[in-house]
Amino acid sequence: MSGTTRRGFLGTAAAAAGGGVALGTPGRASAENGSTPQTVAVLGGGVAGLTAAHELAERGFRVTVYERKALGGKARSMDVPDSAAGGRRPLPGEHGFRFIPGIYHNLPETMRRIPFPGNPGGVHDNLVAPKEMLFARSGGREDIRIPLPWPDSTPAELTPDEIRRALTAVLDTAFNLPLHEALYFANRILVFLTSCDQRRDTVWERTPWWDFVRAGRMSYDYQRVLAVGITRNIVATKAEEASTRTVGTLLEAFAFNLLGRGADGPLDRILNAPTNEAWIDPWVTYLKSLGVEFRVGWNVRDLALDAGAIAGAVVEDRSGVRQTVTADHYISAMPVEHARRTWNSAVRAADPQLAECDRLETDWMTGIQFYLTERTPIVHGHLDLIDSPWSLTAIAQAQHWPGRDFPADYGDGTVADCLSVDVSEWDRPGILYGKTAKQCTRTEVAREVWAQLKASLNDSGRTVLKDSILHSWFLDPAVDGLGTPHPVNDEQLLIHPVGTFHHRPRSATKIPNLFLAGDYVAVPIDLATMEGANSSARQAVNALLDRSGSTARRCTVTPLYRAPELEPLRRHDRTRYLLGLPNAFDLG
């Protein structure tokens with residue numbers, strides 16, 4: 001695709017969408033036979049909103065999406081202002097790099113149904129699997145390079161002993177932890193794998209991950225890798241606060257993926273181009289071909305309730321003028337911190353679960369991109385800076401974008417790579433200024449992140465990052481007011497402190513024409529993810545189909561994999577739980 005213009009590509013995508021993928025559309029057929037299609041207002045154009053629009057449009061509903069900022073939400077990529085020269089594209093920036101692991105099933109299924117020129121499998125064919133990942137240490141500690149997939153990780157059979165052996169081998173070999181600590185952590189994972197749902201939803205939901213893995217009595221490396229590293233860098237929450245239910249559910253899926261079970265694909269998958277080029281733009285083009293209308297720059301302010309139903313959504317258009325838009329059904333697909341502002345007292349009174357959402361919490365996890373004049377062959381995959389005070393993760397992107405030539409295609413002709421970094425910890429002092437990220441100015445944040453990158457990558461006698469190759473940087477514009485008493489982040493991430501699982505709402509509300517979609521909704525994957533957003537939208541559409549009496553096929557919502565071989569052990573644990581006994585493998 002390197003020789004295709006963006007305009008030409010979008011035209012080709014539209015043609016492919018119009019002539020190719022017609023996926024089970026009984027509702028659409030009835031509309032074409034003369035019946036009037038029902039209308040749906042989707043409030044929010046992120047992954048949840050686009051998924052809802054996709055499923056509804058294929059079933060013959062007339063859908064309008066209202067998005068306050070940009071389609072794709074936190075998943076989108078964005079142009080760096082004033083960065084293009086000589087007819088090239090602007091440099092690609094992003095809220096944070098995309099990671100679509102093999103444990104996801106629902107989002108990949110949607111991606112397979114988005115046409116992309118030359119791809120039999122649609123946008124899904126734009127996913128590529130990195131070959132390795134790197135846990136970089138600072139202070140001269142040995143870096144940990146892990147090949148993907150991990151060799152010889154599949155157990156002979158899925159028994160407790162074999163699971164313990166396989167996980168211990170990975171931990172001992174990959175992270176060079178003391179054997180007794182590797183054994184202990186593997187056994188803690190086994191405790192969670194064999195725990196019944198009642199124990200997970202009560203005991204483990206109330207137990208911080210730090211306490212569950214007994215991090216306080218373990219080595220520094222154990223704490224940084226298996227307690228802090230997992231929770232802060234992947235789940236964007238603190239190990240001392242994060243629910244064991246949430247962290248354990250994620251690790252269960254990853255463990256089975258590592259052990260060769262229940263995955264849609266490889267453990268690690270990323271896109272082979274900037275997100276909008278590889279995914280979001282083709283998606284929007286396809287949805288437009290199905291008749292979906294988009295109102296970008298329209299901010300939802302309120303929901304009007306009349307006779308127990310939503311009578312309209314009060315929106316503010318691009319010019320700042322407020323108006324009320326109406327539809328037969330409404331799907332609120334905004335992030336929870338924005339959605340709950342639109343629920344007035346009457347709406348909350350109509351469904352008490354909405355008020356419970358006030359107890360859900362968000363935190364900062366934000367991206368910054370460094371554009372370099374030379375390629376940075378650090379690792380062919382993700383980079384986790386375990387010892388960095390700001391819990392940095394990163395990926396050098398040019399090597400994964402084979403159809404993109406940075407000097408020729410992007411920027412001013414001198415940029416050869418993009419090192420995309422996620423900053424997960426905004427409240428700990430850094431190494432350069434001794435200030436937290438929120439206390440730093442934007443420039444100080446960039447300098448501090450660069451210093452922490454060099455502290456981890458340049459500490460082994462080899463200079464990986466040189467100041468001379470740094471061309472420029474781009475910090476997510478959703479972050480503002482840095483260095484002032486009142487910093488703000490307009491695109492925060494849902495986190496999962498203990499007890500918050502029970503405050504998550506269902507997709508169907510008690511208001512007959514209002515449905516909820518977003519990664520804060522109760523879904524099979526208990527984590528702030530694009531998979532959660534996609535799954536919740538499928539649930540919302542199913543609830544809408546039920547309420548409207550539609551005969552259209554329901555959306556499939558695939559749960560995370562659980563090994564059937566362990567089901568007898570989980571049933572046994574349910575008996576022990578009801579008797580007030582600990583899990584059989586829980587040795588304290």
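On the surface of this predicted model, Ile431, Leu432 and Tyr433 come together as a nonpolar patch, and their joint accessible area is about 260 Å². Tyr433 sits in the loop that runs between strand 18 (417-423) and helix 16 (442-457). With a relative accessible area of 30%, Tyr433 is partly exposed. From this patch, let's tour the confidence scores, a helix, two buried residues and some salt bridges.

**How confident is the prediction?**
- The average pLDDT of the protein chain is 89, and 92% of the residues score at least 70.
- Residues 1-34 are a stretch to treat with care: their pLDDT is below 50, although the model gives this stretch 45 contacts beyond near neighbours in sequence.
- Where pLDDT is low, predicted coordinates should not be read in detail.

**A look at helix 6**
- Helix 6 covers residues 179-193, which makes 15 residues.
- From its first C-alpha to its last, helix 6 reaches 21 Å, close to the 21 Å expected at 1.5 Å a residue.
- Is helix 6 mostly covered or mostly open? It is mostly covered, with 12 of its 15 residues buried.
- Among the buried residues of helix 6 are Tyr184, Phe185, Ile189, Leu190 and Phe192, and also Glu181, Asn187 and Arg188.

**Two buried residues and their contacts**
- Ser456 belongs to helix 16, and its relative accessible area of 1% makes it buried.
- Which residues does Ser456 touch, leaving aside neighbours within four places in sequence? They are Ala136, Arg137, Ser138, Asp143 and Leu385.
- Ala478 lies in the loop between strand 19 (470-475) and strand 20 (479-480); at 6% relative accessibility, Ala478 is also counted as buried.
- Setting aside neighbours within four places in sequence, Ala478 has contacts with Lys69, Val488, Asn489, Asp490 and Glu491.
- One of these partners, Val488, is 10 residues from Ala478 in sequence, and their C-alpha atoms are 8.0 Å apart in space.

**Salt bridges**
- How many salt bridges does the structure hold? There are 35 salt bridges.
- Arg112 and Asp264 form one of them, with 3.2 Å between the closest N and O atoms. This pair links distant parts of the chain, 152 residues apart: Arg112 is in helix 4 (residues 106-112), while Asp264 is in the loop between helix 10 (244-258) and strand 8 (270-271).
- Both ends of that bridge are partly exposed: Arg112 has a relative accessible area of 36%, and Asp264 has 21% relative accessibility.
- Glu132 and Arg145 also meet through their side chains, at 3.2 Å from N to O. Because Glu132 is in strand 6 (residues 132-136) and Arg145 is in strand 7 (residues 144-147), the pair ties together parts that are 13 residues apart in sequence.
- Glu132 is buried, with a relative accessible area of 18%, whereas Arg145 is partly exposed at 42%.
- Lys438 and Asp427 make another side-chain salt bridge, at 3.3 Å from N to O. Lys438 and Asp427 are 11 residues apart, each placed in the loop between strand 18 and helix 16.
- Why does Lys438 count as buried? Its relative accessibility is 19%, and buried means under 20%. Asp427, at 37%, counts as partly exposed.
- Salt bridges can also join up into a network, as they do for Glu55, Glu58, Arg59, Glu109, Arg113, Arg538 and Arg553.

Technical notes: Residues numbered from 1 in each chain as written. Predicted model: local features only at pLDDT ≥ 70, side-chain atom pairs only at ≥ 80, totals over all residues. Heavy atoms only, no water. Helix = DSSP H or I, 4+ residues; strand = E, 2+ residues; numbered from the N terminus. Expected span 1.5 Å × (residues − 1). Buried < 20%, exposed > 50% of the residue type's maximum accessible area, 1.4 Å probe, protein only. Patch = residues over 30% accessible without salt bridge, like charges linked within 9 Å, V, L, I, M, F, W, Y side chains within 5 Å. Areas by Shrake-Rupley, 256 points an atom, 1.4 Å probe, with all protein chains shown as cover. Salt bridge = Lys/Arg side-chain N within 4 Å of Asp/Glu carboxyl O. pLDDT = per-residue confidence, 0-100. Contact = heavy atoms within 4.5 Å.
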